[in-house]
Amino acid sequence: MAKKQSRKPTAAPEARRLKGLVVKNTGAWYTVLPEGEEPGGATVNCKIKGAFRLKGIRTTNPVAVGDIVEVALAADGSAWITEIEPRANYIIRRASNLSKEASILASNVDQALLVATLKHPATATTFIDRFLATAEAYRVPAVVVINKIDLLTEPEDRELLEAVETLYTQIGYRVVPLSARTGEGMAALRELLAGKKSLFSGNSGVGKSTLINELIPGLDLRTAEISDIHDQGMHTTTFSEMFPLPGGGWIIDTPGVRGFGTIEMNPKEVSHYFPEIFKAAEGCRYGDCSHTIEPGCAVLDALRDHRIAHSRYASYMSILADAAPDKYRKPF
Ligand SMILES: Nc1nc2c(ncn2[C@@H]2O[C@H](COP(=O)(O)OP(=O)(O)OP(=O)(O)O)[C@@H](O)[C@H]2O)c(=O)[nH]1
Ligand SMILES: [Mg+2]
Ligand SMILES: [Zn+2]
């Protein structure tokens, strides 16, 4: 006897799934650009479900701008990130040297640009070096952008700019001095960014959002004058967001940061993230030389001969002291 085909009860609507790129992180929710959608096209706002953890590190944002994620769309219109694809790379920053909490600035980037200024505000060299060392640790190519060169009107300002340029260029970093205000140097920046996914990071008030407004016509990111009293930015940008560049490529604007606590590093590794110190260390008498007090230390020799800059060595010591506070002391 033929079995009578019973009609299936209407199943609860299956959650639809999609894959996409996280282009914005407000802390409360994430904006995802679905695969196949043009950059700048329609996006989906998502929450997260489940525990996403990086091995051994507590992060304030388990999902980061730049992540490729899987999203489940429910019938009621809500959307959840359910999975993150393995990241090609990422950059993490600890809120401070003592803090255990870290945040992922962005993932899957081609390069990380540190936007610095020599005046209004003046970026500390330790801040630059901590950023560069972190980028080295994550093998993300880093570039030093020096904005607001229109303010460098005094001869001694120009000398400082030249010294900073020479210092970082000699180590092997690309340095791009420019002014978002006058447009000087902007062509070099455009060339550097074309077709790439670039993270913009730096202190508050250095002009990250202003630069991005210049690069993307029609974009009107909020910017703000720096405080006269403290000569510091006002923390105008409050979340990370990725914008498509006309002609291809992406830029990630991030909130300005005060300090740059490096990720926990093994004290033995710290010198690996200072290319010129690492290179000089080949000549040290002892293989496990910490370059602090050892006899026959080629790094200390180079420091004495000014082949290694004091500011860089001070930054090295400061990260080393973070890595092993009971063994090493901060230089300042
Ligand atoms: N003189 C001069 N001022 C600039 C230049 N670029 C930006 N500024 C000014 O610097 C101030 C801060 O710029 P923002 O773009 O808000 O800085 P930001 O880095 O995005 O700051 P946060 O979002 O707080 O991290 C604004 O008043 C800008 O007009 C420049 O090249 N020259
Ligand atoms: Mg900003
Ligand atoms: Zn040494």
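**Contacts, a sheet and a metal site in a predicted model**

Colleague: Which residue's backbone oxygen does the side chain of Ser107 reach at 3.4 Å?

Modeller: Start from strand β8, which holds Ser107 (strands are DSSP runs of E, at least two residues; helices are runs of H or I, at least four; both numbered from the N terminus). The reach of 3.4 Å is a polar contact (N or O atoms within 3.5 Å; within protein, one able to donate a hydrogen and the other to accept it, and sequence-adjacent residues count only through two side-chain atoms). The backbone oxygen is that of Gly66.

Colleague: What pLDDT do local features need?

Modeller: Residues are numbered from 1 along each chain as written, chains are lettered from A and ligands numbered from 1 in the order written, and side-chain values use heavy atoms, with hydrogens and water left out. The model is predicted: totals for chains, interfaces and linings use all residues, side-chain atom pairs count only at pLDDT 80 or more, and local features need at least 70.

Colleague: Is Ser107 buried or exposed?

Modeller: Its contacts (heavy atoms within 4.5 Å) beyond four places in sequence include Ala64, Arg87 and Tyr90. Its relative accessibility is 0%, so Ser107 counts as buried (under 20% relative accessible area; exposed is over 50%, partly exposed in between; 1.4 Å probe, protein chains only).

Colleague: Which strands stand at the edges of the open sheet β4-β8-β7?

Modeller: The pairing is mixed (strands pair if DSSP finds at least two bridges). β7 and β8 pair antiparallel over 5 bridges, with Ile91 opposite Ala106 in β8. Two strands have a single partner each, so one side of each lacks a neighbour: β4 and β7.

Colleague: How many residues apart in sequence are the parts tied together by Ser209 and Thr237?

Modeller: Ser209 (OG) and Thr237 (OG1) are the protein donors of the magnesium ion (ligand 2), 2.0 to 2.2 Å from it (donors are N, O and S atoms within 2.8 Å of the metal, 3.2 Å for Na, K and Ca; water is absent, so sites may look incomplete). Ser209 lies in helix α4 and Thr237 in the loop between α4 and β13, so the parts tied together are apart by 28 residues. 

Colleague: What distance separates the end C-alpha atoms of helix α1?

Modeller: α1 is mostly covered, with 11 of its 13 residues buried. The cover includes β7, α2 and α7. At 1.5 Å a residue (times one less than the residue count), α1 should span 18 Å, and the end atoms agree, at 18 Å.
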